[in-house]
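Reader: Could you take me through one part of this model in detail? I would like to start with a pair of helices and then see what surrounds the topic.

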Amino acid sequence: MSLSREVGYLVPLNHNLEELPSAPKLPISHGPNHIGRTNIPLPTPDKRLSRNHLTLTASPDGHAHLLVEGTNPIVLNSGNKRRKLNSQQKAPISDGDILELIPGHHLFKYQVLANTPSSPTATTKKEDSHTLSQDQGRNAAAHKRGHSQSGEYSNAEAIRNFHVPSDKIPSTFRLLRVQQLPPWANTSCVAIGDVIQGDVLIAILSNYMVDLDWLLPACPALSKVPHVLVIHGESDGRVDYLKRSKPANWILHKPPLPISFGTHHSKAMFLVYPHGIRVIVHTANLIHVDWNNKTQGLWMQDFPWKDQNSLSKGSEFENDLVEYLSTLKWPEFSVKLPSLGNFSICPSFFKKFDYSDAMVRLIASAPGYHSGAAIKKWGHMKLRSLLQECTFDEDFKKSPLIYQFSSLGSLDEKWMAELTSSMSAGLSEDKTPLGLGEPQIIWPTVEDVRCSIEGYAAGSAIPSPLKNVEKAFLKKYWAKWKADHTGRSRAMPHIKTFTRYSGQNLAWFLLTSANLSKAAWGTLQKNNTQFMIRSYELGVLFLPTLLKRGSHGFSCTNNVTQTEDKCRAEERGQVKKAKLVSLSRLRKEERHSTSEVSIPLPVPYELPPQPYSSQDVPWSWDRRYSKKDVYGRVWPLT
């Protein structure tokens, strides 16, 4: 730091933009000030900070310019703008501006001393200090808010306000907790112990990867479940290890794969309780890093046993579920459930539960060559058939689509048009088609992966080769992974979501295990008379019409049921219209409206997404990188 006259300070802040009294201020002097790892007091060193991270050059009156010297970007919050600055970029900085030395981390407020030439005099200090506090408040608000497409400002830490009522917890889409995030970023988020709990009689765990050495200690409740079936997609060598390490009462099953290069990729859980069943559809492998370090999503809902007099009564959700489970071909097994009787655990067993209040529709993929009516049962053709039956607001006419996922297949323009046609299905209120939407592919850049919680190692779970990523026709689709409002910009996405949006409003929202590939979504063949799918996938589709009706408030874990059916029906009658919104759009006046209800979904990324700049490079796992990760390793490791 320069030894000339001090003109200001960098004041350390917490994530609530409150001053940290225990942390010393960094003095800023007239002239160049070199700020880096060696002079920033931190409890533990952060190697993402360069030794000379930035240079702040201040004039005698406190006005200053900064230059990013290090390899990692910084963020400058000035007025109502939040600007990312990469290495060697410059920007002016003013009194009250807020710096993020690593995006989302190491926050400092630039504060000019009161005795600088342009500072307030003693006679005006009280009046101008009020103005100064207003300016600082505006800069603080700018850090917490992002600008929406409609011109409104939305909370940049919006997930703080996502509080799920206890009676709605078993019927809500939520994000999984991330260990290294601040508490506000994990508001209403879940860990595996929040999902698998209570008196579970039967557990069916469906996934691609399974690590029993992690799973059993992470979820002790599983060791007490008398009947566990694990449906997986592991390799033969890995299966041998699972067989040796699994508990004696656990059954392993790998579903048949009739077409080469397919996988069992669905991620779901079916937990049978004395009072009903919990159905969970999520995006995380049953491994440590997926449940602790990455952006993931989960939906779950509890359903009661059917009344003995209505066992034959079904629902669309039930039909889809049983038909999907039938494709898995697991070995049936018999169980005796206390006070309930003897059962054969096969797909038809799941007809014994009442899914009439299901708040989602299932979108599954099953491998095979499908023809006739079966074409509309699976993959993107199932999505197309459901959306074609829906009516959406006029705002969604030709509105954009978002494809967000963690693995990119080998695509071509013809198939992209096929998928876009399905994703664009639906009618507007005047009964005309919504029209094709322009897809936006949210995909991490090389810089995103390098600066992530896991460093370059996070790239191993974003496994798309360069030959798939570098196709020229994809360039127009690339959009940035940015998730400041959920605190997850550095938690690399393993979540897979697809949606159609207008501003902060969502026509529909799909949480799924399916990545962007023909194997997962299927492809039409033989002049559209045949539909080929290679892999098993499972997702849930959120539609305003389903969510508007609410649920009975039933919970398998505490046997809570809603008995005031008449009152509940009257409440629903007051709601003339429901709409899906991102967290950023939820406002108090919308929560309490009697004519319209906004149903918030914790969409992890910001809307609208920001297109790639000319300097952004999409991540590919097999590209060689010369820069090191936060652990000092060059990745990929060789």
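Author: Happy to! Let's begin with helix α7 (residues 379-387) and helix α8 (residues 413-423), whose axes come within 8 Å and cross at roughly 30°. On the α7 side, the contact is made by H380, M381, L383, R384 and L387. Facing them from α8 are E418, L419, S421, S422 and M423. Sorted by class, this contact has 5 nonpolar, 3 polar and 2 charged residues. Keep in mind that the model is predicted.

For a companion view, turn to the strands. An open sheet of 4 strands runs in the order β3-β4-β5-β8, with antiparallel pairing. Its edges are β3 (31-35) and β8 (90-93), and each has a single partner strand, so one side of each is left without a neighbour in the sheet. On average, neighbouring strands here are turned by 25° against each other, direction ignored. The partner of β8 is worth a closer look: strand β5 (residues 64-68) pairs with β8 in the antiparallel sense over 4 bridges. Within that pairing, L66 has A91 of β8 as its bridge partner.

Stepping back to the whole chain, there are 14 helices and 35 strands. Of the 638 residues, 56% are buried. Among contacts between residues at least 6 apart in sequence, 69% join residues at least 24 apart. The accessible surface comes to about 26900 Å², and 51% of that belongs to carbon and sulfur atoms.

Definitions and conventions
Residues numbered from 1 in each chain as written. Predicted model: local features only at pLDDT ≥ 70, side-chain atom pairs only at ≥ 80, totals over all residues. Heavy atoms only, no water. Helix = DSSP H or I, 4+ residues; strand = E, 2+ residues; numbered from the N terminus. Buried < 20%, exposed > 50% of the residue type's maximum accessible area, 1.4 Å probe, protein only. Contact = heavy atoms within 4.5 Å. Areas by Shrake-Rupley, 256 points an atom, 1.4 Å probe, with all protein chains shown as cover. Axes fitted to C-alpha atoms, helices over the stretch in contact; angles between N-to-C directions. Nonpolar A, V, L, I, M, F, W, Y, C, P; charged D, E, K, R; others polar. Pairing = 2+ DSSP bridges.
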